[in-house]
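Trainee: I would like a close look at one part of this structure, the open sheet and what surrounds it. Could you walk me through it slowly?

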Amino acid sequence: MIEEMLDRPVVGVDDLQDAAGSTLFPEEEIVSSSMSRERRLKFAAVRGCARQGLRELGISAGPILRGPGGEPVWPAGVVGSMTHCPGYHAAAVARSDEVAAIGIDAEVNGPLRHREMISLITTVEERTWISDLEASHPEVSWARLVFSAKESLFKAWFSFTGERLGLGDISIGTKESPDGEFTARVFARRKGRCVPRPSRLTGRWMARDGLLVTATTIPRPSHGEDGRRAARTGR
């Protein structure tokens, strides 16, 4: 799925198996030693996807450890993102001189565990179109899609700026068709890295096989641009 959503220069790799055969480097073994067996399998599976993507970029696969916030630490010259949910693991990578940041997320396409959660993860504006689309396209869990899109954006934004966004810092809009695109407005303006911050971003999403997958990239501005253009997926 993810490879259909991200075009070159981004490489997307996914796996719908349990990936119990994925191996870890000794450094990763240490990091994951205290994890439960299930969490350890997921930890290994997404790294298996990431290493395959790195090989497609011509980059030697090595250990992918975790930063202070739990984010993956990529090899020098690489940006990327990883995600997993029951029955699905994925990673997306690119060279940092071609792409500024990537964020991906996968969720089960089902209702939120508690209906009242919708008020915690969405804005008033989002709840308006979610209500409309729940009636016209009930095959998609729209509230969960908003959550997934925000997760993708959080990852890309943190990679790009070093800032962490809250659920209320982004407003999502989407088209009324499966396998479509979403747009996002970013309201937060915090202190972080000295980089231009786009106020609008876009991404892609897909609903298939009981899953919702979202992805966004922030392109590397070409020389001379002011960096304020909207971020787009790697189409």
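Mentor: Happy to! Let's begin with the whole chain: its accessible surface comes to about 11,400 Å², and 51% of that belongs to carbon and sulfur atoms. Such areas come from the Shrake-Rupley method with a 1.4 Å probe, and for residues only the protein chains shown count as cover. Please keep in mind that this is a predicted model, in which local features need pLDDT of at least 70 and side-chain atom pairs count only at pLDDT 80 or more, while totals for chains, interfaces and linings use all residues. Residues are numbered from 1 along each chain as its sequence is written, and side-chain values use heavy atoms, leaving out hydrogens and water.

The chain has 6 helices and 10 strands; helices (H or I, at least four residues) and strands (E, at least two) are DSSP runs, numbered from the N terminus. Of its 235 residues, 49% are buried, meaning under 20% relative accessible area, with exposed over 50% and partly exposed in between (1.4 Å probe, protein chains only).

Now to your sheet. Strands of a sheet pair through backbone hydrogen bonds, either parallel or antiparallel. Here 3 strands form an open sheet in the order β1-β5-β4, and the pairing is antiparallel; two strands pair if DSSP finds at least two bridges between them. The edges are β1 (11-15) and β4 (78-85), each with a single partner strand, so one side of each has no neighbour in the sheet. On average, neighbouring strands are turned by 10° against each other, direction ignored.

Look next at the pair β4 and β5 (residues 88-95): 8 bridges join these antiparallel strands. For instance, Val 79 has Ala 94 of β5 as its bridge partner.

Ala 94 also leads us to Gly 77, which sits in the loop between β3 (72-73) and β4. Gly 77 touches Ala 94, Arg 95 and Ser 96, leaving aside residues up to four places away in sequence; contact means heavy atoms within 4.5 Å. Although Gly 77 and Ala 94 are 17 residues apart along the chain, their C-alpha atoms are separated by 8.6 Å. Gly 77 counts as partly exposed because its relative accessibility is 38%.

Finally, a helix joins the picture: α3 (residues 37-56) lies across β1, β4 and β5, running at about 35° to β5. For such angles, axes are lines fitted to C-alpha atoms, for helices over the stretch in contact, and angles run from 0 to 180 degrees between N-to-C directions.
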